[in-house]
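Here's a quick briefing to read alongside the structure. Have the ligand site in view while you go through it.

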Amino acid sequence: MSDLFEAKVNDFMAKIIAKNPGEAEYHQAVQEVTESLMPFIEENPVYSHAKILERIAEPERVIMFRVPWLDDQGNIQINRGYRVEMNSAIGPYKGGLRFHPTVNLGILKFLAFEQVFKNSLTTLPMGGGKGGSDFDPKGKSDNEVMRFCQSFMTELSRHIGPDTDVPAGDIGVGGREIGYLFGQYKRIRNEFTGVLTGKAIEWGGSLIRPEATGYGAVYFAQEMLKTQGDNLKGKVCAISGSGNVAQYATEKILQLGGKVVTLSDSAGFIYDEGGITEDKLKFVMELKNIKRGRIKEYADKYGVDYVAGKTPWSVKCDLAFPCATQNEINEDDAKTLVNNGCIAVSEGANMPSTPEAAEAFVKAQILYGPGKAANAGGVAVSGLEMTQNSMRLPWTRDEVDDRLQQIMTSIHDTCVKFGKDNSGFINYINGANIGGYIKVADSMIAQGVV
Ligand code: NDP
């Protein structure tokens, strides 16, 4: 970046930091996008005159609320709930709910900000939002989770609706939580509508929604490999996380002939050199989704290595799929991956690479698909779930999967269009940021100063 652009980015970021103190993840997300966009905006002054970047970085609305609930001992517990309604220029706010003790306003603003660009990339009419709570579902009984969800939705229901804001799942919010949240919304509003996505198939869900983020990240990796005449067959893959995204990334990699050797959770990772088979994956799904156990139990059962307290990036692999959480790959991890011969990183999680790690990937010119492009398959199928709800007509599995693949290919094409430099290198960060920005920015200009 030239000195001029750097000075402009620094000036812009100084204002963002002053206005949003203590929100490190939000600053990080805005900085990355600003660095990509500044040269483009300077070339197209219509956007700077309309102050689009300044407006995009200011949420349209932030809702914060008390969530009181009774635990199984009859004690009152109090959590904090949030919904960040970031941008509705191209459609109703759309984005997941995260239940995790680390949730705070800065994390949700970063996620909502990313979501604006991601949703635009999908080509579907969805604005950006994100919400959640510092509630920790781990170790809670089903009844406690239900009471929490009911209390959370009692307040949230005033602010959402199928044409206003349509939440979905994220970390700590899976099928069980969506069920409790939907039940309470329906009861309060006396409406059976598509107000949430990620619903079960029997009551308005879409086939392939649970699979969509993980599958999409693998489809995106496949598209990136294609640009080098390569594919997934025989590739050794390191995956982090063992939740929704990690599980279905594993499933799709196996279907496409790759080999997955790691999975993790917040306590450590397993290394299965022989590869995770379909049967072993079934065990993981049961362990994580039903028994709600720890990934160490996989190592105990199959007699493979378990490394406590570490992430899997020291393992030699061809492809890496970070599918756990933000900032889980630091600069050293990125350099280790590159030195070990990793040729592609496709981010299932949101912002899993620190800025220094992302820079290391770009410098090494490996195929690096940032989350807002690579993990957009989840929200894309959420968008398809909304369409099916509006039509009151479900699509088949193949139909949804075909559309998902088309959308991932189209996102990849957009990244190439806006991210390919003169040397032929595809900078997917720039491609995703600029490609996602244009539609939102043009819509905001068309809609006036609102
Ligand atoms: P889940 O709750 O199903 O799984 C999360 C996984 O990540 C678990 O294995 C969890 O381990 C691990 N994890 C969570 N926090 C940390 C942490 N601080 N350090 C290490 N490991 C951690 O969530 P999802 O699979 O849905 O989400 C994973 C990522 O994908 C998130 O970044 C999310 O924003 C992103 N994403 C999800 C989408 C979706 O459709 N679900 C869509 C797009 C992006 P543990 O059980 O020990 O906490």
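What follows covers confidence, the ligand site and a run of paired strands.

This is a predicted model, and the chain comes out with a mean pLDDT of 97. The ligand sits between domain 1 (61-192) and domain 2 (212-369), because both give residues to the shell around it. One strand of that shell, β7 (259-265), also pairs with β8, so to speak linking the two topics below.

**Confidence**

- 100% of the residues in the chain reach a pLDDT of 70 or more.
- Helix α1 (residues 3-19) is where confidence is lowest, and even there the mean is 95.
- At the other end, strand β10 (residues 319-321) has the highest confidence, at 99.

**Around the ligand**

- The ligand is surrounded by 24 residues, and Asp 170, Thr 213, Ser 266, Arg 294 and Asn 350 are the closest of them.
- Sorted by class, that shell holds 13 polar, 6 charged and 5 nonpolar residues.
- Three elements each put at least two residues into the shell: α8 (209-226), α9 (244-255) and β7 (259-265).

**Polar contacts to the ligand**

- Asp 170 has a polar side-chain atom 2.6 Å from an oxygen atom of the ligand.
- Thr 213 does likewise through its side chain, with a polar atom 2.7 Å from a ligand oxygen.
- Asn 244 comes in through its backbone instead: an N or O atom there lies 2.9 Å from an oxygen atom of the ligand.
- On its own the ligand has 880 Å² of accessible area, and the protein covers 83% of that.

**Strand pairing from β7 to β9**

- β7 and strand β8 (residues 268-271) run antiparallel and are joined by 4 bridges.
- Just 2 residues separate β7 and β8, and the pair forms a hairpin.
- Within this pairing, look for Thr 262 opposite Tyr 271 in β8.
- β8 also pairs with strand β9 (residues 305-308), again antiparallel and over 4 bridges.
- There, Phe 269 stands across from Val 307 in β9.

Technical notes:
Residues numbered from 1 in each chain as written. Predicted model: local features only at pLDDT ≥ 70, side-chain atom pairs only at ≥ 80, totals over all residues. Heavy atoms only, no water. pLDDT = per-residue confidence, 0-100. Near = heavy atom within 4 Å. Polar contact = N/O pair within 3.5 Å; in protein donor to acceptor, adjacent residues only side chain to side chain. Areas by Shrake-Rupley, 256 points an atom, 1.4 Å probe, with all protein chains shown as cover. Nonpolar A, V, L, I, M, F, W, Y, C, P; charged D, E, K, R; others polar. Domains from an automatic or database assignment. Pairing = 2+ DSSP bridges.
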